[in-house]
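Hi,

Here is the structure I said I would pass on. Have a look at it first, and then read on for what turned up.

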Amino acid sequence: MAEPSASTDEITVDVRRASGDGADADLEAAVRSGLVAHLKELPPKYFYDELGSELFEQITELPEYYPTRAERSILELHSSEIVAAADAQCLVELGSGSASKTRTLLEAMRRAGSLRTYVPVDISEEITRQTATELVREFPGLRVHGVICDIENDLERLPGWGQRRMIAFLGGTVGNFARAPRRLLLQRIASLLGPADTLLLGTDLVKDRSLLEAAYNDAAGVTDRFNKNVLSVLNRQLGADFDLDRFEHFAFYDADEERIEMRLRSLADQSVKITGLDMTVAFADGEEMRTELSHKFTLPSLEGLYASAGLQLVEVWTDPDGLFALSLARPV
């Protein structure tokens, strides 16, 4: 029997990302400011070109990387409760990727008879189109409206259609933002929520240092490749000449800040030319460059985060081992 085809009437993909000069300007500004700071720094969003997205998908399947498995187990155990509490008709997912975990929520919404629309929001057009095609085959009658954008710039353009929405921000990605930008992001999300809308947030929880550090320093070296890929992005897009073999990946847990820091360490005194910016950046032997933060949370800190954004915590679900949390919030 032939597989049913996806109807183009059920799939729309709205490309909202910055293009041309806008995208280049964002990257150039981030590199100019980040590579002259006392502690050099690059924003983690530049990990996610096509190769970076593929590598991250591999990371989520590694034995050391517990967050994806823990979050998936919460969805498998509690999706019906989450859907009942949210009472949504439209699921909007920020940073949707392949929507591998989201299918559990969509299935629970279908069982509840409320599923109408799925809005995957991602920077990768290719994976969003592929996912949309798969989902309309798996969920007959589902409308998928993909939005290709940088969530830091284009949140206000998310569609509503008068449906009750649950905005899902999964994977612990909110922890990648420093404290002030994180609060501002959640305030922006809160401003988009109508009285019947909700936010479903995935957050990694504070736990033993050894478990945390192992998750970001895997034995197979996939995270090493993922981290160094940001240098390949700069080489390709800005004409830089980073030698990836002259940097090493490492990650550590800062207990005072309750966060993992992922860094690249220079293995020699070296100078890197960035032709597109007409600049040269010097690295000392052993000098470190920060590429990602991953904050961990407790229930009190999560409640404080919501309160600072004008949101009210409704309910929290954790996996059986208490490694990860999904929480639902509404506008105050």
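Let's start in the sheet: Ala168 has Leu200, in strand 7, as its bridge partner. Keep in mind throughout that this is a predicted model. That bridge belongs to the pairing of strand 6 (residues 165–169) with strand 7 (residues 198–204), which is parallel and runs over 4 bridges. In general, strands of a sheet pair through backbone hydrogen bonds, in either the parallel or the antiparallel sense.

Zooming out, the sheet is open, has 8 strands and mixed pairing, and follows the order 1-5-4-3-6-7-14-13. Its edges are strand 1 and strand 13 (311–318), each of which pairs on one side only. From one strand to the next, the twist averages 20°.

Two helices pack against this sheet. Helix 5 touches strand 1, strand 4 and strand 5, and its direction makes about 175° with that of strand 5. Helix 10 (residues 299–308) lies across strand 7, strand 13 and strand 14 (324–331), at about 150° to strand 13.

Helix 5 (residues 125–138) is worth a closer look. Its 14 residues reach 20 Å from first C-alpha to last, close to the 20 Å expected at 1.5 Å a residue. Which of its residues are buried? They are Ile127, Thr128, Thr131, Ala132, Leu135 and Val136. Because these residues cover an arc of only 155° around the axis, they sit on the same side of helix 5. Their cover includes strand 1 (11–15), strand 4 (117–122) and strand 5 (143–148), along with helix 4 (102–112). At the start of the helix, a side-chain oxygen of Ser124 comes to within 3.4 Å of the backbone nitrogen of Ile127.

Next, two charged residues that are buried. Glu71 sits in helix 3 (residues 66–86), and its relative accessible area is 0%, so it counts as buried. What does the side chain of Glu71 reach at 2.9 Å? That is the backbone nitrogen of Gly171. Leaving aside residues up to four places away in sequence, Glu71 touches Lys101, Leu170, Gly171, Gly202, Phe324 and Leu326. For a sense of distance, the C-alpha atoms of Glu71 and Leu302 are separated by 16 Å, with their positions 231 residues apart along the chain.

The other one is Lys207, in the loop between strand 7 and helix 8 (209–215). Its relative accessible area is 15%, and the cut-off for buried is under 20%, so Lys207 is buried too. The side chain of Lys207 makes a polar contact of 3.0 Å with that of Tyr66. A polar atom of the Lys207 side chain also lies 3.0 Å from the backbone oxygen of Leu323. Tyr66 and Leu323 appear again among the residues that Lys207 touches, together with Leu212, not counting residues up to four places away in sequence.

Last, a couple of backbone oddities. Most residues other than glycine have a negative phi. Glu258 is not a glycine, yet its phi is positive, at about 55°. You'll find Glu258 in the loop between strand 8 (247–254) and strand 9 (259–266), where it is partly exposed at 28% relative accessible area. Asp278 is not a glycine either and has a positive phi of about 50°. Its loop links strand 10 (270–274) and strand 11 (279–283). Is Asp278 buried or exposed? At 74% relative accessibility, Asp278 counts as exposed.

Cheers

Key
Residues are numbered from 1 along each chain as its sequence is written. This is a predicted model: local features need pLDDT of at least 70, side-chain atom pairs count only at pLDDT 80 or more; totals for chains, interfaces and linings use all residues. Side-chain values use heavy atoms; hydrogens and water are left out. The expected span of a helix is 1.5 Å times one less than its number of residues. Buried means under 20% relative accessible area, exposed over 50%, partly exposed in between (1.4 Å probe, protein chains only). The arc is that of the directions from the helix axis to the C-beta atoms. Contact means heavy atoms within 4.5 Å. A polar contact is a pair of N or O atoms within 3.5 Å; within protein, one must be able to donate a hydrogen and the other to accept it, and residues adjacent in sequence count only if both atoms are side-chain atoms. Two strands pair if DSSP finds at least two bridges between them. Axes are lines fitted to C-alpha atoms, for helices over the stretch in contact, and angles run from 0 to 180 degrees between N-to-C directions.
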